[in-house]
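Good morning, everyone, and thank you for making the time. Please have a look at the sequence and the structure as they come up, and keep them in view while I talk.

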Amino acid sequence: MNTVEQWKQEKHPLDVIEDVYEYAEEGLTFDEIEERAGDGEWERLKWAGMYSHGRQRGYFMMRTKAPGGFLTPEQAEVIGEVARDYATAPEEHGGDEQNEVWGDAFLDITTRQDIQKHWIEVEDVPEIWDRYDEVGLTTIQGCGDSARNVLGCPAAGLDDHECFDAQPVVDAVSDFFTNNREYANLPRKFKLTITGCQEDCAQSQINDVGMTPARKEVGGEDQYGFHVRVGGGLSDGPRMASDLDVFVPPADAVEFTRAVAQTFKELGDRNNRGVCRMRYLVQQLGPERFEEAVRDRCGVDLPTRGTDLTRGYRGDHVGVHEQKEEGLYYVGFNVIAGRMGGEEFIQAARAAERYGTDDASVRLATDQNFLVTHVPEENLDALLDEPFARKYRPDPGPFSRGAVGCTGSEFCNYGIIETKKRVRRWAKALDKRIDTPDDLEVVRMHMSGCSASCAQPQIADIGFRGETVKIDDPERTTNEEGDAVVEGMDFGLGGSLGSDNEFLDWVEAAVPVDAVVPALEQLFAAFSRERTDDERFYEWCRRVDNDRLRSIMQGADANVSGGVAADD
């Protein structure tokens with residue numbers, strides 16, 4: 001049994017919730033927490049939705065769950081207020097000037113439809129939880145080896161591209177697993193996605209469990225339900241999910257996901273932390289045997305597959321879109337790399353309430369953007385003239401629209417390079433410097449600060465994975481050995497989800513960051529010359545072999561291929 005499993009055996013992870021109240025009341029420092037509860041407490045605190053900051057001891061990142069990305073305006077306003085009031089850096093870490101782009105008191109929208117806030121102190125957590133309780137929000141199991149935030153289509157119930165509204169199923173599954181001690185200690189994190197959307201907005205292909213719309217005649221009656229994929233995921237062992245031969249009626253979704261969790265709980269690896277994710281169990285057993293194990297543990301009989309209704313992968317909801325109800329619209333705002341001020345999020349929440357109907361909501365999307373819904377046509381102009389709307393405009397350039405960035409070295413233990421500011425800077429620069437075809441609305445450019453893939457680089461047109469790089473430059477020597485060590489990244493091309501899903505190829509390794517934008521300019525110049533019909537960038541990258549892609553990149557006036565990984 002690995003060390004994390006031993007820590008979970010010492011104390012059930014959900015018991016840490018009461019510990020947080022105790023630590024807050026007594027005003028304990030990190031050293032005092034560690035002395036009282038041991039090293040394992042930092043792991044168990046993840047079940048409270050709290051990660052200790054990697055580089056600023058004494059502070060936490062707090063993750064707030066939003067099942068399916070759905071927030072009422074009131075909930076969104078409280079989230080923004082908590083960021084404004086508590087996600088503030090002390091003076092010794094820069095205070096309100098800690099970040100030259102976003103200042104202080106900001107929040108991050110994540111690729112899992114969560115909200116993350118930084119600089120949280122343990123003594124403030126009970127007050128934050130009280131505010132959350134008043135509006136039905138939680139951080140519980142935002143992290144840890146249990147069911148994480150359940151993903152859904154951010155336009156659920158709004159758009160004609162869905163077969164049925166699956167948000168009630170998302171909520172039911174989320175409610176079942178949250179605070180459920182029986183399934184709060186799994187071998188590793190457990191990621192679910194549930195959607196009635198035909199365009200797989202919730203990314204079923206890269207989750208542990210992906211439930212997508214289908215129909216089947218059951219008991220002589222034609223009904224909607226779900227087909228299921230299992231065993232998808234990214235990080236160091238990426239795997240596209242495998243189909244199971246099951247049809248799950250919406251009423252059975254909770255029992256079905258419970259049975260999958262039970263299978264993972266019983267059969268998953270608890271020894272080697274590196275291969276504990278459910279995708280390794282699916283790979284080991286094979287989809288057929290895994291399905292048999294789930295059926296054996298499921299309290300309802302599951303029909304076989306029906307007619308699949310998924311037709312592709314949409315990827316975002318940026319822009320102004322008509323809703324099903326005549327005269328109503330939802331607006332998808334573009335937040336480059338997902339970061340915005342808490343005060344700005346408050347403005348968005350209040351705008352949803354001011355300009356929307358009584359059903360208005362704020363929805364978080366897996367591309368780190370957000371939607372404001374149920375806006376009557378006559379209110380659109382006023383909404384779009386709000387300060388936050390002019391900043392996070394719904395008609396961005398293709399690079400800004402597709403830019404995703406993880407937390408990076410600013411706060412994360414694992415981050416090797418800075419990401420948020422760099423993604424924002426590059427996206428804006430590339431939109432100005434590269435003349436893309438008029439029909440190319442989005443170029444997905446995802447940057448992860450390490451190999452953990454929180455920014456999902458493997459499914460992007462362009463993916464980056466951070467590392468330190470040694471280059472031959474005596475004037476930039478950084479150590480006694482005379483090496484010049486700089487920030488760099490592995491450079492991948494050609495990833496996508498959907499009917500032509502493939503992970504990208506890592507075309508060039510250890511590219512110094514200064515060489516990346518010049519290399520992209522060379523690639524897009526070649527793409528513009530050689531593109532056929534309405535070919536997407538990732539499709540062109542697959543058509544052109546990697547040696548030639550590498551050669552095109554090396555044509556830049558930059559040191560594209562002159563670096564080596566610093567740990568080699």
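I will go through salt bridges, one helix, a patch of charge, two backbone angles and a few distances.

Before anything else, please keep in mind that what you see is a predicted model.

Let me begin with the salt bridges, of which the structure holds 52. I have picked out three pairs, and the one I would start with joins the side chains of Lys11 and Glu41, with a distance of 3.0 Å from N to O. Lys11 sits in the loop between helix H1 (3-10) and helix H2 (16-26), while Glu41 belongs to helix H4 (residues 40-44), so this pair ties together parts that are 30 residues apart in sequence. How exposed or buried are the two partners? Lys11 is partly exposed, with a relative accessible area of 21%, whereas Glu41 is buried, with a relative accessible area of 0%.

The next pair is Arg84 and Asp85, whose side chains meet in a salt bridge at 2.8 Å, again N to O. Here Arg84 counts as partly exposed at 33% relative accessibility, and Asp85 is likewise partly exposed, with a relative accessible area of 30%.

In the third pair, the side chains of Glu344 and Lys391 meet at 2.8 Å, N to O. This salt bridge links distant parts of the chain, since Glu344 is in helix H11 and Lys391 is in helix H13 (residues 387-391), 47 residues apart. Glu344 counts as buried at 15% relative accessibility, while Lys391, at 44%, counts as partly exposed. Beyond separate pairs, there is also a network, in which salt bridges that share partners join Glu5, Lys8, Glu43, Lys46, Asp145, Arg188, Arg270 and Arg273.

Since Glu344 has brought us to helix H11, let us stay with that helix for a moment. Why does a span of 20 Å fit helix H11? The helix has 14 residues, 342-355, and at 1.5 Å a residue they should span 20 Å, which agrees with the 20 Å that separates its end C-alpha atoms. The buried residues of H11 are Gly342, Glu344, Phe345, Ile346, Ala348, Ala349, Ala351, Ala352 and Tyr355. As you look at how those positions are spaced, it may help to recall a general point: an α-helix has 3.6 residues a turn, so residues three or four places apart point the same way.

From there I would like to turn to the surface, where Glu74, Asp130, Asp133, Glu134 and Glu353 gather in a patch of negative charge. Which helix gives the largest share of the negative patch? That is helix H6 (residues 125-135), with three residues, and Glu74, for its part, lies in helix H5 (residues 73-86).

Now for the backbone, where two residues deserve a careful look. Asn179 has a phi near 65°, which is a positive value in a residue other than glycine, and you will find Asn179 in the loop between helix H7 (167-177) and strand E6 (192-194). Gln368, which is not a glycine either, has a positive phi of about 70°, and its place is the loop between strand E14 (362-364) and strand E15 (370-376). As for their surroundings, Asn179 is partly exposed, with a relative accessible area of 48%, whereas Gln368 counts as buried at 3% relative accessibility.

Finally, let me set some separations along the chain beside separations in space. Gly268, in the loop between helix H8 (253-267) and helix H9 (278-285), counts as buried at 13% relative accessibility. Its C-alpha atom is separated by 31 Å from that of Ser409, 141 residues away along the chain. Val443, found in the loop between helix H15 (420-433) and strand E17 (445-448), is buried with a relative accessible area of 0%. Between Val443 and Asn149 there are 27 Å, C-alpha to C-alpha, and the two are 294 residues apart in sequence. Arg548, in helix H18 (residues 546-554), counts as partly exposed at 35% relative accessibility. The C-alpha atoms of Arg548 and Val507 are separated by 9.8 Å, and these residues are 41 apart along the chain.

That is where I will stop, and I am glad to go back to any part of this.

Technical notes: Residues are numbered from 1 along each chain as its sequence is written. This is a predicted model: local features need pLDDT of at least 70, side-chain atom pairs count only at pLDDT 80 or more; totals for chains, interfaces and linings use all residues. Side-chain values use heavy atoms; hydrogens and water are left out. Helices (H or I, at least four residues) and strands (E, at least two) are DSSP runs, numbered from the N terminus. Buried means under 20% relative accessible area, exposed over 50%, partly exposed in between (1.4 Å probe, protein chains only). Patches are made of residues with over 30% relative accessible area and no salt bridge: like charges are joined within 9 Å, nonpolar side chains (Val, Leu, Ile, Met, Phe, Trp, Tyr) within 5 Å. Accessible areas come from the Shrake-Rupley method with a 1.4 Å probe; for residues, only the protein chains shown count as cover. A salt bridge is a side-chain nitrogen of Lys or Arg within 4 Å of a carboxyl oxygen of Asp or Glu. Lys and Arg count as positive and Asp and Glu as negative; His and the chain ends are not counted. The place of a charge is taken as NZ of Lys, CZ of Arg, CG of Asp or CD of Glu. The expected span of a helix is 1.5 Å times one less than its number of residues.
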